[in-house]
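User: I would like to learn how to read one helix against the rest of a fold. Could you take me through an example?

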Amino acid sequence: MKYSLFQKDRLDLAEINNIINLSINSGINTIDTANSYQDTENILGKIDISGLKIISKIILNLNLDYTQIDLILEKTLKNINQKKIYAILFHNSEQLFSDVGKKVFERLQNLKDKNLINEKGVSVYSVSEAIKIIDNMNSDYQVMMFLDSLGNLSTRKEMEDSASGSDKRDMTR
């Protein structure tokens, strides 16, 4: 069964377009992608995604010249055939608070001010990660958090571990 843009046996454009239309008609209005997801952006650029909010993720090379974020966004916009996207997310929250991450965050604010993105944020994979982000934010450094996957929803046990300050993250119970 074909089910992914990444598989050797990919969905064809007509199938992808049908999925996008079904999604929109079902109330789904957001697509999560990244320039590191092989040629997914190029495929999205070949179909009508105008009714969707596009969120793209960046994985930082800590040696990256932070000014290249503009070029990364420019390439994404060209690939998906859009003039702006809804949000750019840090793929890894640890990078958000690195020296390069702070510079990239400022650069993302600049892109937001230029109306090329609506939001800047970070993918969050657990309650403990969200708490760490909240603890490190201040009025000059605010970020939207996006739950990355329903498969990463936390169990009650993990939330209790986080609330008690434990480093243990048990998602099995």
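**Reading a helix and its core**

Analyst: In this predicted model, the buried residues of α5 pack against β2, α3, β3, α4 (93-96) and β4.

User: Which residues of α5 are buried?

Analyst: The buried residues in α5 are V100, G101, V104, F105, L108 and L111. Because they cover an arc of only 140 degrees around the axis, they lie on the same side of α5. The face turned away from that buried side carries the exposed residues D99, E106 and D113.

User: How should I read V100, which has its place in helix α5?

Analyst: Burial is judged here by a cut-off of under 20% relative accessible area; V100 has a relative accessible area of 16%, so V100 counts as buried. The C-alpha atoms of V100 and L60 are separated by 8.2 Å, although these two are 40 residues apart along the chain.

User: Which residues touch the most other members of the largest nonpolar core?

Analyst: The general idea is that in soluble globular proteins nonpolar side chains tend to be buried together. Here the largest nonpolar core has 31 residues, of which I85, F90, V104 and L108 touch the most other members. To this core α5 gives the most, with five residues. Leaving aside its neighbours within four places in sequence, L108 is in contact with I69, I88, F90, I117 and K120. A second, separate core has five residues, among them I55, Y86, L89 and F146.

User: What phi does N115 take, just after α5?

Analyst: N115 takes a positive phi of about 65 degrees.

Note on methods. Residues numbered from 1 in each chain as written. Predicted model: local features only at pLDDT ≥ 70, side-chain atom pairs only at ≥ 80, totals over all residues. Heavy atoms only, no water. Core = buried A, V, L, I, M, F, W, Y, C linked by side-chain atoms within 4.5 Å. Buried < 20%, exposed > 50% of the residue type's maximum accessible area, 1.4 Å probe, protein only. Helix = DSSP H or I, 4+ residues; strand = E, 2+ residues; numbered from the N terminus. Contact = heavy atoms within 4.5 Å. Arc of directions from axis to C-beta.
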